[in-house]
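Work through the two exercises below with the sequence and the model at hand. Each task is followed by a solution in steps.

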Amino acid sequence: MPRYVALLRAVNVGGTGKLPMTELKAMCVDAGFADVQTYIASGNVVFSSKLAAAKVKAAPEKRLHAYAGKPVGVVVRSADEIAAVLQANPFPNEPPNHTVAIFLDEPPARNALKDVKGQQDEQIRLGKREIYVTYGSGMGRSKLKIPAAVQGTARNINTIAKLAELTAGD
């Protein structure tokens, strides 16, 4: 059965969108997903499902909307796709905790970086359905704004590596 990662947007970050991971796991089990495990409290869940990716995305979105009373963005990647995101990191020599992939539902437009504001020592590259950013001085000091990434959800390379490991199975 195919393995997937669901990445929730704006969950348990900065005091917004509180969601216990036990609740997220229960929602995924209720959706019929198998081998469900969450990873850290920022809305990462790994599971197996026979459903196609679009239905895999819709199932937790529906349950999260009912739970939160508002839409909660969910980005889904297959095991192969999450491994490919890790492999495609254009900043392999930068600290993995300062480097993120911002996951998007659709491929970014070729001109997606034209409206970037506040860029200082950050480097930005487009991926297939991601925008990669390495924060030279760290994310906490950055003033970077990427309008094309507003509907995305970011994970650092350490987290992506762990998710790739978890989806790879035993």
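Ala, Val, Leu, Ile, Met, Phe, Trp, Tyr, Cys and Pro count here as nonpolar, Asp, Glu, Lys and Arg as charged, and the others, Gly among them, as polar. The model is predicted.

**Exercise 1. The largest pocket**

Task: Describe the lining of the largest pocket, and state which strand supplies the largest share of it.

Solution:
- Start with the extent: the volume of the largest pocket is about 740 Å³, and 24 residues line the pocket.
- Next, locate the centre. The lining residues nearest to it are I102, Y135, M139, T153 and A154.
- Sort the lining by class: 15 residues are nonpolar, 6 are polar and 3 are charged.
- Assign residues to strands. At least two lining residues come from each of β5 (99-103) and β8 (153-156). The largest share, 4 residues, belongs to β8.

**Exercise 2. The open sheet**

Task: Give the strand order of the open sheet, explain why β2 and β4 each have one side without a neighbour in the sheet, and place the helices α3 and α4.

Solution:
- The order of the 4 strands is β2-β3-β1-β4, with antiparallel pairing.
- β2 (34-38) and β4 (74-78) are the edge strands; each has a single partner strand, so one side of each lacks a neighbour in the sheet.
- From one strand to the next, the twist averages 20 degrees.
- For the pair β2 and β3 (residues 44-48), count 3 bridges in the antiparallel sense. A34 is opposite S48 in β3.
- Helix α3 (residues 79-87) packs on the sheet and touches β1 (3-8) and β4, its direction making about 95 degrees with that of β4.
- Helix α4 (residues 157-168) lies across β1, β2 and β3, at about 150 degrees to β1.

Methods
Residues are numbered from 1 along each chain as its sequence is written. This is a predicted model: local features need pLDDT of at least 70, side-chain atom pairs count only at pLDDT 80 or more; totals for chains, interfaces and linings use all residues. Side-chain values use heavy atoms; hydrogens and water are left out. On a 1 Å grid over the protein atoms alone, a cavity is a set of points where a 1.4 Å probe fits but cannot get out, and a pocket is an open set with protein on both sides within 12 Å along at least five of seven lines; lining residues have an atom within 4 Å of a point. Grid points are joined across faces, edges and corners, and a volume is the space filled by probe spheres set on the points. Two strands pair if DSSP finds at least two bridges between them. Axes are lines fitted to C-alpha atoms, for helices over the stretch in contact, and angles run from 0 to 180 degrees between N-to-C directions. Contact means heavy atoms within 4.5 Å.
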